[in-house]
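User: Please take a close look at the enclosed and open spaces of this model, and at the elements around them. I would value one connected account rather than a list.

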Amino acid sequence: MQPKATIVKIGIIACGAIVRELIAIANRRGWDYELTAVPAQLHNRPERIAPAVAKKLDAWASRFDRILIGYADCGTIGSLDALLARYPHAVRIPGPHCYEFYGGALFDQQSERQPGTFYLTDFLAHHYEGLVIESLGLDRYPELRDTFFGNYQELLYLRQLPDQDESQRAREAAARLGLAYKEADSGLEVLEERLVDLIECENR
């Protein structure tokens, strides 16, 4: 059975870290959409996420029937939701962060078993050197490793797309941080279910 396509025009304002995955799902569902991205580096300064999304919304608000915000809360402590309250046709992905909406029950089990887990997705593993090491200054001040990662015990790599395997980089990241390495195939099923609830279910 083919996925049922939505009848609305969708705008997607997405974190750069999940653009590839959102495009894969939107194309598979047959949505009529346009996408623009917000730099993934803002995750290191989450107070800047809502203002950056606001600029995109102001430019796009009148062009689409529904605007999907490709973020969870992502450390904005509610400021992203406060922004979206001003735009009735804009919705974000439910959840606290991308690890949770990729991993679903797997994430819940891991966080309960080992709260001191550092997570990597395909995107974060691929860009680990720039987004983590250089951004935190660990390339210049390696002694800061314990300041940032002293409370972590394990690194879990959540693999979204097997054909884009980043396990080698993830293993190297774990070794560099002195963390036990684990990996799991999360796929995109949990994320896709949430997107369908936001887009298709409201238009049936």
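Analyst: A cavity is here a set of grid points where a 1.4 Å probe fits but cannot get out, whereas a pocket is an open set with protein on both sides within 12 Å along at least five of seven lines. The model is a predicted one. By the cavity rule, one cavity of 30 Å³ or more is counted. The largest cavity has a volume of about 40 Å³.

The lining of this cavity draws on several stretches of the sequence: Cys-15, Ala-17 and Ile-18, then His-43, then Gly-70, Tyr-71, Ala-72 and Cys-74, and finally Cys-98 and Phe-101. By class, eight of the lining residues are nonpolar and two are polar, while none is charged.

Cys-74, one of the lining residues, deserves a closer view. Its place is in the loop between E3 and helix H3 (79–84). Cys-74 counts as buried because its relative accessible area is 11%, and the cut-off for buried is under 20%. Its phi is near 55°, a positive value in a residue other than glycine. Ile-77 lies in the loop between E3 and H3 as well, and has a positive phi of about 55° although it is not a glycine. Ile-77, however, is exposed, because its relative accessible area is 78%.

The open space comes next. The largest pocket has a volume of about 650 Å³. Its lining consists of 22 residues, of which His-43, Asn-44, Tyr-99, Phe-118 and Leu-124 are the closest to its centre. The elements that give two or more residues to this lining are helix H4 (98–103), E5, helix H7 (128–134) and helix H8 (145–149). E5 supplies the largest share, with four residues. The pocket lining has 17 nonpolar and five polar residues, and no charged ones. His-43 appears in both places: it lines the largest cavity and is among the residues closest to the centre of the largest pocket.

E5 leads to the sheet that holds it. An open sheet of three strands runs in the order E5-E6-E7, with parallel pairing. Strand E5 (117–120) and strand E7 (180–185) form its edges, and each of them pairs on one side only. From one strand to the next, the twist averages 25°. Strand E6 (residues 154–159) is joined to E7 by six bridges, and the two run parallel. Helix H5 (residues 105–113) lies across E5, E6 and E7, and runs at about 180° to E6.

Within E6 is Tyr-157, which stands opposite Glu-183 in E7. Tyr-157 and Ala-184 are 27 residues apart in sequence, yet 6.4 Å apart in space from C-alpha to C-alpha. Tyr-157 counts as buried, because its relative accessibility is 0%.

Tyr-157 is also one of the contacts of Asp-122, whose place is in helix H6 (residues 122–126). Asp-122 has a relative accessibility of 1% and therefore counts as buried. Beyond its neighbours within four places in sequence, Asp-122 is in contact with Arg-20 and Glu-21, with Tyr-157, Leu-158, Arg-159, Gln-160 and Leu-161, and with Gln-164 and Glu-166.

A second open sheet completes the view. It has four strands in the order E2-E1-E3-E4, with parallel pairing. Strand E2 (32–38) and E4 stand at the edges with a single partner strand each, so one side of each has no neighbour in the sheet. The twist here averages 20° from one strand to the next. H1 packs on this sheet, where it touches E1, E2 and E3, and its direction makes about 175° with that of E2. E1 and E3 run parallel and are joined by five bridges. Ile-13 has Ile-69 in E3 as its bridge partner.

H10 lies across E1, E3 and E4 and runs at about 155° to E3. The buried residues of helix H10 (residues 189–199) are Leu-191, Glu-192, Arg-194, Leu-195, Val-196, Leu-198 and Ile-199. These buried residues pack against strand E1 (9–15), helix H1 (19–29), strand E3 (66–70), strand E4 (90–92) and H4. H4 thus returns the account to the open space, as one of the elements that give two or more residues to the lining of the largest pocket.

Notes. Residues are numbered from 1 along each chain as its sequence is written. This is a predicted model: local features need pLDDT of at least 70, side-chain atom pairs count only at pLDDT 80 or more; totals for chains, interfaces and linings use all residues. Side-chain values use heavy atoms; hydrogens and water are left out. On a 1 Å grid over the protein atoms alone, a cavity is a set of points where a 1.4 Å probe fits but cannot get out, and a pocket is an open set with protein on both sides within 12 Å along at least five of seven lines; lining residues have an atom within 4 Å of a point. Grid points are joined across faces, edges and corners, and a volume is the space filled by probe spheres set on the points. Ala, Val, Leu, Ile, Met, Phe, Trp, Tyr, Cys and Pro count as nonpolar, Asp, Glu, Lys and Arg as charged, and the others, Gly among them, as polar. Two strands pair if DSSP finds at least two bridges between them. Axes are lines fitted to C-alpha atoms, for helices over the stretch in contact, and angles run from 0 to 180 degrees between N-to-C directions. Contact means heavy atoms within 4.5 Å. Buried means under 20% relative accessible area, exposed over 50%, partly exposed in between (1.4 Å probe, protein chains only).
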